[in-house]
Amino acid sequence: MGMWSTNEEISSNSNTILHLTVRFAQQQQQWHRTFDVENGSTIRDIKAAMLKCSEESASEDDINAFELRHLGRRIPDFEKIHEQGPSIVDFAFLGPTEGALRAQEDMQKQAAWTAKPVRSRYESSRPVAAKPQTTAASPSPASPAEPLSQQQQQQQPQQTPPPQPTQSKEAIPFEFPKPQPAPRPPVPDEDRPPKGDCWEVIGGTAQGGILVREGRSTSSKQLPERLATGALIEELSREGERLQYRRLRGSGPNFGWVSVTISGKELLTSKTMSAEDLFSLDRALALQEDLMEGFARPDFQMALHKLIQEHPGKSGAAFLKKRTELFLSVQSQVLPKYGFEGSASGVVRMMAAFARHNGSKEMEWNNHQLNMLLQM
């Protein structure tokens with residue numbers, strides 16, 4: 001398969017030219033290409049034309065080896081692109097084997113649907129009023145029916161009135177995406193939220209930390225590793241100047257006993273934990289899950305769809321301002337649960353807090369799900 005060039009026209013029976021942007025992602029790099037397609041072109045037509053951009057002819061295996069997706073879901077090859085449809089789709093490579101299976105499934109779906117008229121899922125849905133039908137057994141409106149006797153009325157079969165068409169307030173031109181959050185890994189001891197008072201280690205700067213012992217007594221066994229300066233700990237118990245702790249942040253033993261002061265010099269200082277201090281991986285994943293739930297709501301998705309229809313290029317000060325306000329309608333409800341202000345500055349603090357967990361596969365997966373919901 002070759003690479004793509006821009007603005008390749010795809011023939012169809014319609015004269016209306018639409019702009020379809022295909023997004024690509026490979027090895028943490030992202031780019032996109034825009035193709036000019038005619039209204040009514042099938043997805044398979046578009047895939048074939050994409051390959052012709054750099055190859056004289058494309059085989060069936062080449063066409064089947066990749067798919068186009070909208071909101072994370074495959075668009076069947078027989079679907080047609082319409083003005084009401086998406087303007088941005090995602091490229092996904094399948095390989096010849098899986099691609100052939102997907103293509104066969106599309107053919108089976110198409111064969112099953114050709115038995116009755118099928119409307120593209122991107123076409124607007126408008127209910128049609130049912131017309132009354134007159135049969136030989138039904139009285140003509142011009143001649144009133146003879147009244148039935150009581151016996152005839154009892155023998156007359158009960159007829160269920162035909163269902164009345166319901167008018168929807170607005171047709172939904174796409175299926176709502178359904179995010180799948182990453183499974184959360186087991187929570188290590190240091191990531192459990194503290195229940196007691198918290199302290200920060202300020203002593204032992206020259207030695208790389210302070211001494212830790214197994215027991216309360218200063219004569220109990222000393223642990224080989226020091227509790228690093230700057231580490232955050234939770235108080236489990238305290239007897240005089242001796243404190244039993246659980247490590248929250250920084251390096252050192254997970255549990256042990258340390259001195260609060262020594263010879264009048266403070267080794268620990270009381271610490272009020274900030275939202276950033278408490279932002280463990282488990283807490284970060286929980287926040288992402290709450291954002292997914294809010295962004296997946298139908299009212300949010302419809303508002304986002306309308307905004308992108310008004311600004312198909314997804315650029316400009318007006319679009320960015322409206323999109324930020326729309327995102328904040330969900331973020332302002334979620335962030336305060338995790339100690340961040342429900343405002344633009346709170347979003348900045350939240351994003352900075354996430355940097356602590358860069359490299360987490362679970363967080364990267366959830367970011368992908370959020371980007372899918374936000375069409376970013």
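Which residues lie nearest the centre of the second largest pocket? In this predicted model, the second largest pocket is lined by 24 residues, and those nearest its centre are Q331, V347, M350, M351 and L374. The volume of this pocket is about 540 Å³, and its lining receives two or more residues from each of the helices α5 (281-295), α7, α8 (344-354) and α9 (361-374). Sorted by class, the lining of the second largest pocket comprises 15 nonpolar, seven polar and two charged residues.

Helix α7, which contributes to that lining, also packs against another helix. The axes of α6 (residues 298-310) and α7 (residues 317-334) come within 11 Å and cross at roughly 175 degrees, which means that α6 is roughly antiparallel to α7. On the side of α6 the contact is formed by F300, A303, L304, L307, I308 and E310, while α7 supplies F319, K322, R323, L326, F327, S329 and V330. The residues of this contact divide into nine nonpolar, one polar and three charged.

Elsewhere in the sequence, five strands form an open sheet in the order β9-β8-β7-β6-β12, with antiparallel pairing. Its edge strands, each pairing on one side only, are β9 (255-259) and β12 (268-271), and neighbouring strands of the sheet are turned against each other by 45 degrees on average, direction ignored. Within this sheet, the antiparallel strands β7 (residues 232-239) and β8 (residues 242-249) are joined by seven bridges, and S237 stands opposite Q244 in β8.

How values were computed: Residues numbered from 1 in each chain as written. Predicted model: local features only at pLDDT ≥ 70, side-chain atom pairs only at ≥ 80, totals over all residues. Heavy atoms only, no water. Pairing = 2+ DSSP bridges. Helix = DSSP H or I, 4+ residues; strand = E, 2+ residues; numbered from the N terminus. Axes fitted to C-alpha atoms, helices over the stretch in contact; angles between N-to-C directions. Parallel < 35°, antiparallel > 145°, perpendicular 65-115°, else oblique. Contact = heavy atoms within 4.5 Å. Nonpolar A, V, L, I, M, F, W, Y, C, P; charged D, E, K, R; others polar. 1 Å grid on protein atoms, 1.4 Å probe; cavity = no way out; pocket = protein on both sides within 12 Å on 5 of 7 lines; lining within 4 Å. Points joined across faces, edges and corners; volume = space filled by probe spheres on them.
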